[in-house]
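Work through the exercises below with the sequence and the model open. Try each task before reading its solution.

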Amino acid sequence: FPSHDTNCGQQIFQDKTLELFRSVADSKPGGQYILGAGDQVTISIWGPTQENFTLQIQKEGFIQPTGLQRFYLAGMSLSAARELMFTGLKSKYYFSKENFEMTVTAARTVNVNIVGEVFQNGTCNLSAVNSAFNALVAAGGPTDIGSVRKIQLLRAGKKPVVLDVYRFLQNPMLGNDFQLQEND
């Protein structure tokens, strides 16, 4: 983007270049997605043994397939949870890594507080598959005097993280680094 065009960053929110994800059907969580209470996961095993589990992570942070121990998944990345479940289920079922899959089939919702130079301040209830960039979409984006280079993601007990819309546009995978959590 040309450096002299100050409204370029705001324009992507106004012309709907970015979108708000309503469910995992809109955007499948990747391996870096942090699981939390309320997420629903589906585990499929096929081959010599066939089994399917669809379980919701309880408020205490675990799932418990029928007849098995509890597996605490809240706070883990989806990749780490897949490894844990693969190892944990391997002792009970006969299957190989190629015959195992774990996905998030329904994401929890999180409340996000959006304040500052945006078109719509307030609290939004969003699917956790959204990033902070998508939350800006819910707020209508920054106003003409709002920054697109110094947007802060604030989280209790953590240092503020600065988001830069231009860097995101150059590498949309950066959105994965700004996953939303309750009360961000």
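**Exercise 1.** Which side chain makes a polar contact with that of Asp 39, and at what distance? Then place Asp 39 in the fold and decide whether it is buried or exposed.

*Solution.*
- Step 1. In this predicted model, the side chains of Asp 39 and Arg 108 are joined by a polar contact of 2.5 Å.
- Step 2. Locate the residue. Asp 39 sits in the loop between helix H1 (8-14) and strand S1 (40-45).
- Step 3. Check accessibility. The relative accessibility of Asp 39 is 0%, so it counts as buried. The cut-off for buried is under 20%.
- Step 4. List the neighbours, leaving out residues up to four places away in sequence. Asp 39 touches Tyr 33, Ile 34, Leu 55, Gln 56, Ile 57, Ala 106, Ala 107 and Arg 108.

**Exercise 2.** Where does Gly 30 lie, and how far is its C-alpha from that of Ser 77?

*Solution.*
- Step 1. Gly 30 belongs to the loop between H1 and S1. Asp 39 also lies in the loop between these two elements.
- Step 2. Gly 30 has 24% relative accessibility, so it counts as partly exposed.
- Step 3. Along the chain, Gly 30 and Ser 77 are 47 residues apart, yet 9.0 Å separates their C-alpha atoms.

**Exercise 3.** How many residues form the largest nonpolar core, and which have the most contacts inside it? Trace the neighbours of Met 85.

*Solution.*
- Step 1. The largest nonpolar core has 46 residues.
- Step 2. Those with the most contacts inside it are Leu 35, Ile 63, Leu 73, Met 85, Leu 89, Phe 100 and Met 102.
- Step 3. Beyond four places in sequence, Met 85 touches Ile 43, Ile 63, Phe 71, Leu 73, Phe 100 and Met 102.

**Exercise 4.** Phe 86 and Tyr 94: which is buried, and which is exposed?

*Solution.*
- Step 1. Phe 86 is part of helix H2 (residues 78-90). Its relative accessible area is 13%, so Phe 86 is buried.
- Step 2. Outside the four places on either side in sequence, Phe 86 touches Phe 95, Ser 96, Lys 97 and Phe 100. C-alpha to C-alpha, Phe 86 and Glu 101 are 8.6 Å apart, with their positions 15 residues apart in sequence numbering.
- Step 3. Tyr 94 lies in the loop between H2 and strand S5 (100-106). Its relative accessible area is 59%, so Tyr 94 is exposed.
- Step 4. With the same sequence neighbours left out, Tyr 94 touches Pro 48 and Thr 49. The C-alpha atoms of Tyr 94 and Ile 45 are 9.0 Å apart, although the two are 49 residues apart in sequence.

**Exercise 5.** Which elements each supply at least two residues of the lining of the largest pocket, and how do the lining residues divide by type?

*Solution.*
- Step 1. The volume of the largest pocket is about 430 Å³.
- Step 2. Its lining has 21 residues; Ile 114, Val 115, Leu 136, Ile 151 and Gln 152 lie nearest the centre.
- Step 3. Strand S6 (109-114), helix H3 (132-138) and strand S8 (151-153) each give at least two lining residues.
- Step 4. By type, the lining holds 13 nonpolar, 5 polar and 3 charged residues.

**Exercise 6.** How many helices and strands does the protein have, and in what order do they run?

*Solution.*
- Step 1. There are 4 helices and 9 strands.
- Step 2. From the N terminus the order is α-β-β-β-β-α-β-β-β-α-β-β-α.
- Step 3. Of the 184 residues, 45% count as buried.

Notes:
Residues numbered from 1 in each chain as written. Predicted model: local features only at pLDDT ≥ 70, side-chain atom pairs only at ≥ 80, totals over all residues. Heavy atoms only, no water. Core = buried A, V, L, I, M, F, W, Y, C linked by side-chain atoms within 4.5 Å. Buried < 20%, exposed > 50% of the residue type's maximum accessible area, 1.4 Å probe, protein only. Contact = heavy atoms within 4.5 Å. Polar contact = N/O pair within 3.5 Å; in protein donor to acceptor, adjacent residues only side chain to side chain. 1 Å grid on protein atoms, 1.4 Å probe; cavity = no way out; pocket = protein on both sides within 12 Å on 5 of 7 lines; lining within 4 Å. Points joined across faces, edges and corners; volume = space filled by probe spheres on them. Nonpolar A, V, L, I, M, F, W, Y, C, P; charged D, E, K, R; others polar.
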